[in-house]
Amino acid sequence: MSDLDQLTQALARNLKRWRGERGFTLDALAARSGVSRGMIIAIEQARTNPSVGTTVKLADALGVSITTLLDFESGPQVRLVSPDQAVRMWSTPAGSHTTLLVGTEARGPLELWAWSLMPGDASSSDPHPEGTTELLHVTAGELTLVVDGVEHRVPAGVSAVFESNVPHAYRNDGDGPVEMTMAVSVPPVR
């Protein structure tokens with residue numbers, strides 16, 4: 001089974017499990033997430049591999065991290081995640097990519113990401129649930145962070161924190177790659 005097949009199967013199994021645990025019908029999850037009922041059915045039947053945006057919407061609606069949707073093997077108090085277990089979530093032909101390094105459900109989902117943005121590339125995100133916070137640290141290049149339509153230049157060595165319940169985007173307007181690490185904290189579903 002390929003990595004993509006394993007990812008598709010894990011997402012199908014875990015989406016169905018978390019939807020059931022939350023007591024959400026297909027229609028309720030569709031309404032909460034903005035993802036169509038048909039798409040949710042296709043995902044739960046492992047007939048499609050949804051976009052990162054769709055996966056984020058479903059995770060946000062369920063109040064879990066993407067890590068939880070992609071792999072829910074409860075482990076010991078300390079869980080080591082090797083580089084080959086990290087999940088590549090987004091990439092472009094130019095070489096930009098994001099990798100979900102690790103995540104947890106303690107006090108609401110918390111995720112740690114590694115980002116690489118090639119010159120001219122960008123990644124946009126829909127608003128996350130109220131109370132979601134993102135922290136990022138640029139290690140190379142200069143990131144253009146756009147939060148609710150306002151651009152912020154974040155050069156190497158600088159960190160940023162913002163509430164991500166508004167549209168936001170990460171862009172590389174420079175000539176060299178942008179490398180950054182980002183943490184996302186999502187409040188638990190009440």
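Is Ser 123 buried or exposed? Let's start there, and please keep in mind that we are looking at a predicted model. Ser 123 has a relative accessibility of 12%, and the cut-off for buried is under 20%, so Ser 123 counts as buried.

Where does this serine sit? You'll find Ser 123 in strand S4. If we set aside its neighbours within four places in sequence, Ser 123 touches two tryptophans, Trp 90 and Trp 115, along with His 168, Ala 169 and Tyr 170.

Now let's move to the second largest pocket. Strand S4, residues 122-125, supplies at least two residues of its lining, and that is also true of H2, H4, and strands S3 (110-117), S9 (168-171) and S10 (178-185). The volume of this pocket is about 590 Å³. Its lining has 34 residues, and those nearest the centre are Val 56, Asp 60, Ser 125, Asp 126 and His 128. By character, the lining splits into 18 nonpolar, ten polar and six charged residues. Helix H4 gives the largest share, with seven residues.

So how do H2 and H4 meet? Helix H2 covers residues 26-33 and helix H4 covers residues 52-62; their axes come within 9 Å and cross at roughly 110°. Because of that angle, H2 is roughly perpendicular to H4. On the H2 side, the contact uses Leu 29, Arg 32 and Ser 33, while H4 brings Lys 57, Leu 58, Ala 61 and Leu 62. Sorted by type, the residues of this contact are four nonpolar, one polar and two charged.

Thanks for listening, everyone!

Key. Residues are numbered from 1 along each chain as its sequence is written. This is a predicted model: local features need pLDDT of at least 70, side-chain atom pairs count only at pLDDT 80 or more; totals for chains, interfaces and linings use all residues. Side-chain values use heavy atoms; hydrogens and water are left out. Axes are lines fitted to C-alpha atoms, for helices over the stretch in contact, and angles run from 0 to 180 degrees between N-to-C directions. Helices (H or I, at least four residues) and strands (E, at least two) are DSSP runs, numbered from the N terminus. Angles under 35 degrees count as roughly parallel, over 145 as roughly antiparallel, 65 to 115 as roughly perpendicular and the rest as oblique. Contact means heavy atoms within 4.5 Å. Ala, Val, Leu, Ile, Met, Phe, Trp, Tyr, Cys and Pro count as nonpolar, Asp, Glu, Lys and Arg as charged, and the others, Gly among them, as polar. On a 1 Å grid over the protein atoms alone, a cavity is a set of points where a 1.4 Å probe fits but cannot get out, and a pocket is an open set with protein on both sides within 12 Å along at least five of seven lines; lining residues have an atom within 4 Å of a point. Grid points are joined across faces, edges and corners, and a volume is the space filled by probe spheres set on the points. Buried means under 20% relative accessible area, exposed over 50%, partly exposed in between (1.4 Å probe, protein chains only).
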